[in-house]
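Trainee: I am new to this structure and would like a close look at a single part of it, taken slowly. Could you begin with the enclosed space and its walls, and then lead me on from there?

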Amino acid sequence: MTEKILHQLEFSAVLSRAADCSLSEEAAAQIRLSRPQTDPLTVAGRKAQVRAVLDRINSGDEEPRGTLPSIGMILPKLSVEGAGLELEEAYALGLFIERGEGMKGWLAKGLPLTGLITGIPDCTALSREVFRVVDRDGKLRDLPEFRDIKRRIRSLTHDLENAGARYTGNEDTRRMLQSGVPSQRDGRMVLAVKANYRGRIRGIVHEVSATGQTVFVEPEDVVEKNNELLIEQRRLDAEIRRVLRELTAKIAENREALEGFYRGILELEIIRAKARYARETRGVFALDGSGLTLKQARHPLLGSAAVPIDFAMDNTIRTVIITGPNTGGKTVALKTVGIFVLMNQCGLALPAAEGTTLPVFDGVYADIGDEQSLSQSLSTFSAHMTNIAAISRAASERSLVLLDELGSGTDPEEGSAIAMAIMDYLIEKKVRLLATTHHGILKNYGYTREGVENASVDFDSRTLSPTYRIVMGLPGESRALDIAARNGLPEAMVRGARNYLAEERADVSALIAGLKEKHRELAAAGEARQEEETRLREDRRAADLKTLRLRQKEQELKSGGMGKFRELLSESRKTLENLVREVKEGELSREKTLKVKDFLRTLEETVQAEDAALLAEEAAIAGEHRRLDTLYGNGGRSIPVARGMEVLAGESRRRGTVLRAAKKGAWIVEVGSLKMTFNEGDLIPLPPSAEPRKPSIAPVDFAEAPQAKFELSLLGMRLEEALSALERQMDAAVLAGLHEFSVVHGKGDGILQKGVHDFLKKQPTVADYYFSRPELGGFGRTEVILRG
C-alpha cells in the first residue's frame with residue numbers, strides 16, 4: 001500500500017478526522033501516520049480493543065477528559081547527567097503522569113485490556129514528587145528553601161519603594177520628574193528625570209528616551225539597595241535551579257519506567273480516540289470473513305451527502321465490473337470499498353450497517369483518476385498503463401485491486417481488448433478486482449466469464465439523474481446523451497447523436513432496459529413478500545391474543561361458575577336446615593310438605609339453569625377455538641384449496657391466486673406475472689377477508705399473574721429497572737403462551753440496547769432476538785421470539 005494509493009483514496013483525511021478525537025497532540029500525530037495492518041490476527045485484536053473501549057465509553061461512567069501534555073521532547077533531557085528541567089517541563093510531566101494514571105484506572109474497570117494496561121508501569125510516585133515542587137497551576141510552591149531569600153527580597157523591595165517615595169513625594173524633586181512612579185531598568189529602580197534637571201539628582205544614568213527629553217537615573221542612595229536586591233534574586237534563581245535539578249535527578253532514576261509509561265499511555269489514547277471516532281460517526285466494526293459485503297455503506301468524507309450503497313462479493317465472485325452513467329457514482333463506489341478496507345485494517349469503525357464483512361488484504365492497489373504528466377511525457381492512457389503494469393506485478397491472491405475507467409484514453413476497440421486481457425491476467429492470479437468502464441463489450445465479458453459479475457449504478461430515467469445506488473447482477477447504460485442534454489448540449493446535436501446510435505445500439509439498449517425493468521419487478525416482488533410475511537406474523541399475533549383471551553375467559557368461567565355453585569349450595573343448605581328445624585319443632589302438616597317440595601323443585605331448576613349457561617359458555621369457547629384452528633392452525637390446511645383462493649405457494653411462501661386444477665393433487669397458481677404448478681401440500685390457503693387485517697393488540701388482565709405485553713417500552717428507565725421489567729415480561733409471556741413480543745429500548749448511548757441484548761442472550765427460554773425493520777424502529781427496537 002504505497003503513499004500514492006493512500007493519497008488517491010484520501011485515506012489521510014479519514015485519519016485526520018479520527019486524530020481530531022484525541023486528547024493528545026502526540027497521539028493524534030501517531031494516528032495520522034498510522035498505516036493499515038495486513039495480519040488478520042493483528043487487525044482483529046485492534047478492533048477488539050477499540051470495541052472494548054467504546055463499550056466502556058457507552059457504559060455511562062464518567063470518562064476523564066483532561067488533555068495530555070506533549071512530553072516526547074522532554075524525555076531525552078533525562079538521559080543527560082546534571083541536566084535540569086524547566087518549571088513548565090516539570091509541570092507537563094506531572095500532568096501527563098497524573099492524567100495518564102487516571103485514564104488507565106478508568107479503562108481498567110471491566111475491560112478485556114488487562115494485558116495492555118498491566119504492562120504500563122505505575123508512575124504515581126513521580127507525579128507526587130513533581131507536585132511537591134509545583135502547584136496545580138504550574139507555579140513554584142513556597143518551599144522552606146526559598147523562604148529566607150524571599151523574605152530578604154520583600155524587605156529590600158520595601159526599602160526601595162520608600163526611597164522612591166521620598167523623591168516622588170517631595171515637592172522640590174517631583175517637578176523634576178516626568179513620572180510620579182519609579183521605573184525599572186535591568187531589574188534596578190530608576191527615576192524618569194526631565195533632561196534639563198538631570199544634574200539636580202545625582203546618580204547613574206541607565207537610559208535616555210528616544211526624544212532626549214527623559215533621562216532614567218538611578219539615585220546614588222539606592223544603588224546599594226539595588227545591588228543587594230539583584231544579589232538576592234540571583235540567589236533565589238540559583239536555589240530554584242538546584243531544586244529543579246534534584247527533581248530532574250529523581251525522575252531520571254525512573255527514566256525507563258517513565259518512557260514505558262509514556263508509550264503505553266499514548267497507545268491507550270490512540271485506542272480511545274478511535275473509539276471516540278466510532279461513537280461520533282455511529283460506525284460499526286466489520287465482521288471478519290472471506291467474502292466482501294458492504295451494507296448501507298457511506299463514504300466517510302461525504303457526511304450527510306453520502307448515499308448508502310450495498311455491495312457484495314462472495315467467495316465465488318472475484319471480479320465485479322461496474323458500468324453506468326457519468327457522475328453516477330462509480331468512482332465513489334470504488335473509493336468507498338477501498339477506503340473501508342483501509343479503515344478496517346487500521347481498527348477504525350465504518351459508517352455502515354451491521355453485517356458488513358471484510359477480509360484482510362495484504363495490499364490495496366488502485367488506478368483512479370487522470371495522471372497525465374507533461375514533464376514525464378505521459379498521456380492519460382500511458383499513465384494508466386504504467387500504473388496497471390506496476391499493480392499486476394505487486395498484486396497477489398490476497399490483494400484488492402481497484403481500476404477506474406479501465407481501457408479508456410485510447411481507441412475503444414483496442415482499449416476493450418486490453419481491458420479484457422488485464423482482467424484475464426488478474427483473474428488468473430485470483431486477485432479481488434473491482435473495475436469501472438464504459439466499454440459495452442466488457443458488459444458481455446461479465447456474463448460469459450466465470451467468477452465475474454456485472455454491477456451498475458442506477459439511473460432514474462424519469463428525472464434523467466443518477467440515484468447513486470449499486471445494482472448487483474446487471475450492467476448499466478452510460479446515458480451519455482441524456483447527461484449531455486441535461487448539461488446544456490443543444491438539442492440538435494443530441495438528436496443527431498441519437499440518430500447515429502439508433503441502428504447500432506438499439507438492441508443492446510433494449511436488452512439492458514428490459515433487464516433493469518425485470519430487476520425492479522423482482523425487487524418489488526421481494527418487498528411484497530416481506531410485507532405479506534409481516535402481515536401474516538401480525539395475524540398470528542392476533543390469533544395468539546385471541547387464544548390468551550379465551551384462556552382468560554375459561555379461567556373466569558371456571559372460577560365464576562364454581563363461585564355461583566358454592567353460593568347456591570350455601571343458600572340451599574341454609575334453607576334446607578330451616579325447613580328441617582320447622583318439621584322437627586311441630587307436627588308434619590300438608591303446608592310444610594308443600595314447602596319442602598317447592599324448595600326441591602326450585603333448587604333443581606336453578607341447577608339446570610346454571611348448568612345450561614355453563615354449557616353455552618363452553619360451547620362458545622370451543623367454537624372460537626375451532627375457528628382459530630381453521631384460520632391459523634396447522635398452517636391453515638383445514639381450509640380446502642379452491643379456484644380463485646388466495647394462497648401462500650412453495651417453500652418461499654409467495655402470495656398467489658389459484659387459477660385452476662392441474663393434474664391430480666396439483667393446482668396452477670398465478671404468482672406475480674408467472675403461472676406455476678404446485679402440489680396441494682405446498683399451498684397454504686389464506687383466510688378470506690374483505691380488507692387487510694389490522695391486529696388490535698391489547699393487554700391481557702389476569703387477576704393474579706404478571707401482565708404480558710406485545711410491546712414492552714423501557715424508555716426513560718434505568719438499566720436495572722428496565723431489566724427487572726423485561727424479566728417480568730418474560731415470565732408473563734411464558735405463562736400466557738405468548739411466543740413473540742417486542743422491546744422498545746431506544747438508541748441513545750446504547751446502554752439499554754446492550755443491556756437488553758446481554759440479558760436475552762442468557763435466557764434459556766429465548767429462541768432468537770433481532771433488531772426490528774427500520775420502519776418499525778430499527779436499532780431502537782428488538783423483536784424477541786420465545787421457544788415453543
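Mentor: Let us begin with the largest cavity, whose lining is made up of Asp367, Phe381, His384, Met385, Ile388, Leu403, Asp404, Glu405, Leu406, Gly407 and Ser408. Please keep in mind throughout that this is a predicted model. The largest share of that lining, four residues, is given by helix H13, which covers residues 380–394. Sorted by class, the lining residues of the largest cavity are five nonpolar, three polar and three charged. The space inside the largest cavity comes to about 50 Å³, and the structure holds one cavity of 30 Å³ or more.

From the cavity we can turn to the largest pocket, which holds about 1900 Å³ of space. Its lining counts 45 residues, and those nearest the centre of the pocket are Val284, Glu354, Gln753, Phe771 and Phe779. Two or more lining residues come from each of helix H4 (40–58), helix H11 (255–281), strand S6 (292–297), strand S7 (309–313), H20 and S22. Of these elements, H20 provides the largest share of the pocket lining, with seven residues. By class, the lining of the largest pocket is divided into 17 nonpolar, 13 polar and 15 charged residues.

Helix H20 also leads us to a sheet, an open one of four strands in the order S20-S21-S23-S22, in which the pairing is mixed. Strand S20 (711–713) and strand S22 (766–771) are at the edges and have a single partner strand each, so one side of each is left without a neighbour in the sheet. On average, and with direction ignored, neighbouring strands of this sheet are turned by 20° against each other. Strand S20 runs parallel to strand S21 (residues 740–744), and three bridges join the two; within this part of the sheet, Glu711 stands opposite Ser742 in S21. Helix H20 itself, residues 751–761, packs on the sheet and touches S21, S22 and strand S23 (781–786), while its direction makes about 160° with that of S22.

A last stop is Asn454, which belongs to strand S13, residues 452–460. Asn454 has a relative accessibility of 2% and therefore counts as buried. When its neighbours within four places in sequence are left aside, Asn454 is in contact with Ile321, Leu442, Lys443, Gly446, Tyr447, Met472, Gly473, Leu474 and Pro475.

Key:
Residues numbered from 1 in each chain as written. Predicted model: local features only at pLDDT ≥ 70, side-chain atom pairs only at ≥ 80, totals over all residues. Heavy atoms only, no water. Pairing = 2+ DSSP bridges. Axes fitted to C-alpha atoms, helices over the stretch in contact; angles between N-to-C directions. Contact = heavy atoms within 4.5 Å. 1 Å grid on protein atoms, 1.4 Å probe; cavity = no way out; pocket = protein on both sides within 12 Å on 5 of 7 lines; lining within 4 Å. Points joined across faces, edges and corners; volume = space filled by probe spheres on them. Nonpolar A, V, L, I, M, F, W, Y, C, P; charged D, E, K, R; others polar. Buried < 20%, exposed > 50% of the residue type's maximum accessible area, 1.4 Å probe, protein only.
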